[in-house]
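Hi everyone, thanks for coming. Let's take a friendly look at one structure together, beginning with the empty space inside.

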Amino acid sequence: MLYSICLYLYFSWVHHMLKWLLHKLTGASELQRICAAKDFGARRAHRVENSLMHSRLGALKRVLAEDDINIEDSVHNIMAVKGIDPDENPQFTKDLRCCLEQICGYKQLIKELEQIRKQPYETKNNEHEEILLKLWNLLMPDTKLESRITKQWGDIGFQGDDPSTDFRGMGMLGLHNLVYFAEEHSTAARHVLSRSNHPKIGYSYAVVGINLTSMAYTFLSNGSLKFHFYNKVQGKPSVEHFHQVYSYLFFEFDKFWVAEKPRDVMDFSRIRDKFQEQLTVKLQDMDTVLETDFSVSK
């Protein structure tokens, strides 16, 4: 309670007094000072985001509140409100545009992925069927699928003879994630698949993969991936950037799973939760970037 009161007093009075004083001393607005002091990355974008969020000017707050904003118009409006001449401040204009693309692009990515997640897998949709068969061919290039409904799907970690039922929770997003990992990091994906088929400590590759889609989507939705994307992407993050995060999660989870030495697949919930907890801490580091080389030891 005391902390909340102190926080309220800071942002409602002390913070604004400091901004006013620094503006008088430096002749530069808070946004200008942030962009001048910080290079590209989360430390700059996050501070710009906070500055807009706690601004007393409605025109600045609306940048974060509105959906599908026009970035160029927003840059122009902010500079006009702040009395900043774009011709005299070209670097600030560029830096502010980059930050707004990152901040607003993150929100737009959540909406875009939500639409994909809401799209159910439909067996009567030829495009969906082709994507599913592509997954099989990527993971099992030397094994022909005998039929569409077959126990063979269990070889890549689906629960039954018809994989379509496993996508109910994450919709087409789960399938697109699996295909991206298998296509862009084929050696790593097949390596993970082979380890998932271990007779004692194996797990259901596809089902776990869909579970990791849920984890990645949760991290995105609750804002945990902001620092990663702000450090990684100079501009608006895309669906492919999300796929890259997913690929990182799958590859790293497999290593984590083996290192934890599970008794059997019944340890999955415990190990998944531990993996998620460690990632949550990692993502709180403002300098974090989720990267791995996807190297596989022979």
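Let me begin with the walls of the largest cavity: two of its lining residues are nonpolar, one is polar and five are charged. Here Ala, Val, Leu, Ile, Met, Phe, Trp, Tyr, Cys and Pro count as nonpolar, Asp, Glu, Lys and Arg as charged, and the others, Gly among them, as polar.

A word on where this comes from: it is a predicted model, so local features need pLDDT of at least 70 and side-chain atom pairs count only at pLDDT 80 or more, while totals for chains, interfaces and linings use all residues. Residues are numbered from 1 along each chain as its sequence is written, and side-chain values use heavy atoms, leaving out hydrogens and water.

Which residues line the largest cavity? They are V63, E66, D67, D68, C104, K107, Q108 and K111. A cavity is a set of points on a 1 Å grid over the protein atoms alone where a 1.4 Å probe fits but cannot get out, and lining residues have an atom within 4 Å of a point. Helix 6, residues 90-118, gives the most to this lining, with four residues.

The space in the largest cavity is about 40 Å³, a volume being the space filled by probe spheres set on the points, which are joined across faces, edges and corners. There are two cavities of 30 Å³ or more.

Now zoom out. The protein chain has 13 helices and zero strands; these are DSSP runs, helices being H or I with at least four residues and strands E with at least two, numbered from the N terminus. Its C-alpha atoms fill a box of roughly 75 × 40 × 40 Å along the principal axes.

Notes
On a 1 Å grid over the protein atoms alone, a cavity is a set of points where a 1.4 Å probe fits but cannot get out, and a pocket is an open set with protein on both sides within 12 Å along at least five of seven lines; lining residues have an atom within 4 Å of a point.
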